[in-house]
Amino acid sequence: MNRRTLISGAIALTVGLALAGCSDSSGDKDGAKASDKPELKVAGAFMPEPAMDDMASGFFTVTNKGGADKLTSVTSSIAEKVTLHSTKNNAMKEQKSFDVPANGELDFARGGNHLMFEELKHKPKQGDKVAVTLRFEKSDPIEIEVPVKAATYNPKPGKHASH
């Protein structure tokens, strides 16, 4: 073998090994493993029929079978703005975001975390469906149809329908 053939072979081997290292499917461009990526599903969404003409609340559960994420905002064409709220010790407080724990749940339920639909463009009635978009820090937005239920509706735990 001549020297040129040996050098060409060595370069081809080096390039091949470098490319093989770059194609590791267990991580993304930031070095995160595939298992670190959030895997979000929304279930049990509902809006009680609002008593007021200009404000409503919303509830749902986000289940995550992957890495941690954060719910950062919510929008809906039915309201001028949708805000995130927590309730602790009977005091409601607006939140900028909510953590969605790795391999866990973020629950929005009566007496706890909830959405506030403010400055409603029209008052939804029982039987309507309200389009809502949930935005996250890492995951793509999730669009859901939130059914409007009776004002007194309170689902039984574990009886969520997936979206």
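A polar contact is a pair of N or O atoms within 3.5 Å; within protein, one must be able to donate a hydrogen and the other to accept it. In this predicted model, the side chain of Thr83 makes such a contact with the side chain of His85, at 2.8 Å. The points below start from Thr83 and its strand, then turn to the nonpolar core and to residues with a positive phi.

**Thr83 and its surroundings**

- Thr83 belongs to strand β4, which covers residues 79–88.
- The relative accessibility of Thr83 is 7%, and Thr83 is therefore buried, the limit being under 20%.
- Besides the contact with His85, the Thr83 side chain has a polar contact of 2.5 Å with the side chain of Glu118.
- When residues up to four places away in sequence are not counted, Thr83 touches Glu94, His114, Leu115, Met116 and Glu118.
- Glu118 thus appears both as a polar partner of Thr83 and in the list of residues that Thr83 touches.

**The β4–β5 hairpin**

- Strand β4 pairs with strand β5 (residues 91–95) in the antiparallel sense, over five bridges.
- One of the bridge pairs joins Lys88 to Ala91, the latter in β5.
- Two residues lie between the strands of this hairpin, and Asn89 has a positive phi there, near 55°.

**The largest nonpolar core**

- The largest nonpolar core holds 28 residues.
- Phe60, Leu71, Phe117 and Leu134 touch the most other members of this core.
- Leaving aside neighbours within four places in sequence, Leu134 is in contact with Val42, Phe60, Leu71, Ser73, Val74, Pro141, Ile142 and Ile144.
- Two of the residues named with Leu134 in the core, Phe60 and Leu71, are among these contacts of Leu134.
- In soluble globular proteins, nonpolar side chains tend to be buried together.

**Positive phi outside the hairpin**

- Most residues other than glycine have a negative phi.
- Asn103 has a positive phi, near 50°, and is located in the loop between β6 (98–100) and β7 (105–108).
- Asn103 counts as exposed because its relative accessibility is 59%, where the limit is over 50%.
- Glu119 is not a glycine either, yet its phi is positive at about 55°.
- Unlike the loop residue Asn103, Glu119 lies within a strand, β8 (residues 114–120).
- With a relative accessible area of 47%, Glu119 is partly exposed, so it falls between the limits of 20% and 50%.

Terms used:
Residues are numbered from 1 along each chain as its sequence is written. This is a predicted model: local features need pLDDT of at least 70, side-chain atom pairs count only at pLDDT 80 or more; totals for chains, interfaces and linings use all residues. Side-chain values use heavy atoms; hydrogens and water are left out. Helices (H or I, at least four residues) and strands (E, at least two) are DSSP runs, numbered from the N terminus. Buried means under 20% relative accessible area, exposed over 50%, partly exposed in between (1.4 Å probe, protein chains only). Contact means heavy atoms within 4.5 Å. Two strands pair if DSSP finds at least two bridges between them. A nonpolar core is a set of buried Ala, Val, Leu, Ile, Met, Phe, Trp, Tyr and Cys residues joined through side-chain atoms within 4.5 Å.
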